[in-house]
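The exercises below ask the reader to work from the sequence and the coordinates towards a picture of the fold. Each task is followed by a solution that proceeds step by step.

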Amino acid sequence: MAVYTEVPDEALAAFLAAYDIGDLLSYKGIAEGVENTNFILHTTTGSYILTLYEKRVKEGDLPFFLGLMEHLAANGLACPQPIRTRDGAALGRLCGRPAVIVSFLEGVSVRRPGVRHCRALGRALAGLHAAGAGFAMQRPNALSVAGWRPLFEAAESQADRVAPNLAARTREDLALLEASWPQDLPGGVIHADLFTDNVFFLGDDVSGLIDFYFACTDAFAYDLAICLNAWCFEADYAFNRTKGQAMIAAYQAVRPLTAREVEVLPLLARGAALRFMLTRLVDWLNVPPGALVKPKDPLEYDRRLAFHRKVARAEEYGWSPVAG
Ligand SMILES: Nc1ncnc2c1ncn2[C@@H]1O[C@H](COP(=O)(O)OP(=O)(O)O)[C@@H](O)[C@H]1O
Ligand SMILES: N[C@@H](CCOP(=O)(O)O)C(=O)O
């Protein structure tokens with residue numbers, strides 16, 4: 001249950017008085033999500049999401065995230081749009097936390113995506129990369145290759161409690177990726193966490209992308225590699241090449257990959273799996289007493305890594321020189 005901060009009715013009323021969003025009809029806490037406290041607000045002008053940022057989101061990063069959502073929405077992407085107060089402020093404070101109101105997006109996320117969802121996601125991801133063009137702010141990716149060793153070192157001594165030899169195989173992956181991580185790829189704004197829970201669908205079409213709180217400036221193809229990991233593996237950890245093909249082809253219909261991006265796709269996919277394995281492993285080993293949210297299983301990404309280690313060419317993810 002991701003409501004970490006209780007908000008008394010009077011505090012909410014005082015906060016909302018600064019906005020032109022009509023009269024509050026009802027509100028309730030949202031159970032989904034892990035990072036922040038979210039409420040849905042119903043007012044006489046429609047529905048909104050109120051987010052109170054909890055400890056993991058750095059306050060200094062909020063101008064980037066809010067500015068980015070405004071930029072993307074202004075460029076036609078269906079994403080939450082920060083609502084400004086009558087005085088023009090997007091960021092406020094409620095119950096001691098930084099807080100914003102954003103527009104509500106219709107749609108539902110899919111738990112088990114099919115080929116058609118992967119196709120729609122590929123198109124939406126390329127649309128996001130295009131919509132990010134011209135955004136003036138930069139945010140280096142703190143969870144790219146330079147950020148992985150500190151995570152590994154925080155978990156190394158305990159890793160084999162989670163799975164036999166996990167520390168040794170992770171050490172090898174990390175060394176290989178550090179030695180070969182490409183630094184010369186086309187890039188710009190990436191989402192960096194476009195998992196199924198952050199994508200809404202209406203029928204077969206993507207109706208909205210949410211949760212931009214890992215967004216940063218990095219290689220576009222790395223974002224695609226994150227999505228191949230999150231969307232194209234089956235429950236038994238077999239990679240579904242048909243899903244990968246649909247996602248990559250739809251992405252390429254908007255933004256064709258360069259030869260260099262194709263060449264390094266296996267490395268990027270392996271690095272993306274390592275990134276999520278490591279953050280999950282650290283969280284798994286450090287569950288705070290009385291935690292409300294169950295940590296995500298790092299071994300889901302250890303199993304994906306077992307697949308990536310055997311991949312040599314982008315074709316194995318569904319890339320094809322003919323269909324793109
Ligand atoms: N703009 C939005 N429109 C509709 N629902 C939203 C919106 N933002 C968040 N939600 C709902 O709140 C949940 C948690 O949001 P999310 O940003 O993923 O939280 P967290 O950052 O805490 O993981 C989502 O799964 C979705 O149900
Ligand atoms: N997608 C990450 C965890 C981040 O969770 P989110 O609710 O903020 O998307 C993972 O699966 O490890």
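**Exercise 1.** Locate W181 among the secondary structure elements, and decide whether W181 is buried, partly exposed or exposed.

*Solution.* In this predicted model, W181 sits in the loop that joins α5 (166-180) to β6 (187-190). The next step is to count neighbours: W181 has 18 C-beta neighbours inside 10 Å, and since a residue is buried at 20 or more and exposed at 12 or fewer, W181 counts as partly exposed. Leaving out residues up to four places away in sequence, W181 touches V145 and G271. As a last step, compare sequence with space: W181 and I21 are 160 residues apart in sequence, and their C-alpha atoms are 47 Å apart.

**Exercise 2.** Carry out the corresponding analysis for G290, including its C-alpha distance to Y317.

*Solution.* G290 belongs to the loop between α8 and α9 (299-308). Within 10 Å there are 5 other C-beta atoms, so G290 is exposed. Although G290 and Y317 are separated by 27 residues in sequence, the distance from C-alpha to C-alpha is 41 Å.

**Exercise 3.** Describe the overall build of the protein, and determine whether it is as compact as a globular protein of its length.

*Solution.* Begin with the secondary structure, which consists of nine helices and nine strands. The radius of gyration is 20 Å, close to the 20 Å that the globule rule gives for 324 residues, and the protein is therefore as compact as a globular protein of that length. Along the principal axes, the C-alpha atoms fill a box of roughly 60 × 45 × 35 Å. Turning to burial and contacts, 37% of the 324 residues are buried, while 73% of the contacts with a separation of 6 or more join residues 24 or more positions apart.

**Exercise 4.** State how the chain is divided into domains, and characterise the contact between domain 1 and domain 2.

*Solution.* The division gives domain 1 (9-103) and domain 2 (115-317), whose C-alpha centres lie 27 Å apart. Domain 1 contributes 18 residues to the contact and domain 2 contributes 17 residues. On the side of domain 1 that touches domain 2, the classes are 11 nonpolar, four polar and three charged residues.

**Exercise 5.** Which residues have the most contacts inside the largest nonpolar core, and which helix supplies the largest share of that core?

*Solution.* The largest nonpolar core has 84 residues, and those with the most contacts inside it are L121, A225, C227, M247 and L265. Helix α8 (residues 259-285) supplies the largest share, with 13 residues. The core draws at least three residues from each of domain 1 and domain 2. For one of its members, L265, the contacts beyond four places in sequence are A221, A225, A314, Y317 and W319.

**Exercise 6.** Work out where ligand 1 and ligand 2 lie with respect to the two domains, and list the classes of residue in each shell.

*Solution.* For ligand 1, the shell holds 18 residues, of which E32, G33, E35, P80 and D211 come nearest. By class, the shell around ligand 1 has 10 nonpolar, four polar and four charged residues. Both domains give residues to this shell, so ligand 1 lies between them.

For ligand 2, the surrounding residues include G33, E35, D193, D197, D211, R280 and K296. The shell around ligand 2 has three nonpolar, three polar and six charged residues. Domain 1 and domain 2 both give residues to this shell, so ligand 2 also lies between them.

Notes: Residues numbered from 1 in each chain as written. Chains lettered and ligands numbered in written order. Predicted model: local features only at pLDDT ≥ 70, side-chain atom pairs only at ≥ 80, totals over all residues. Core = buried A, V, L, I, M, F, W, Y, C linked by C-beta atoms within 7 Å. Helix = DSSP H or I, 4+ residues; strand = E, 2+ residues; numbered from the N terminus. Domains from an automatic or database assignment. Contact = placed C-beta atoms within 7 Å. Near = placed C-beta within 6 Å. Nonpolar A, V, L, I, M, F, W, Y, C, P; charged D, E, K, R; others polar. Rg over C-alpha atoms; globule rule 2.2 N^0.38 Å.
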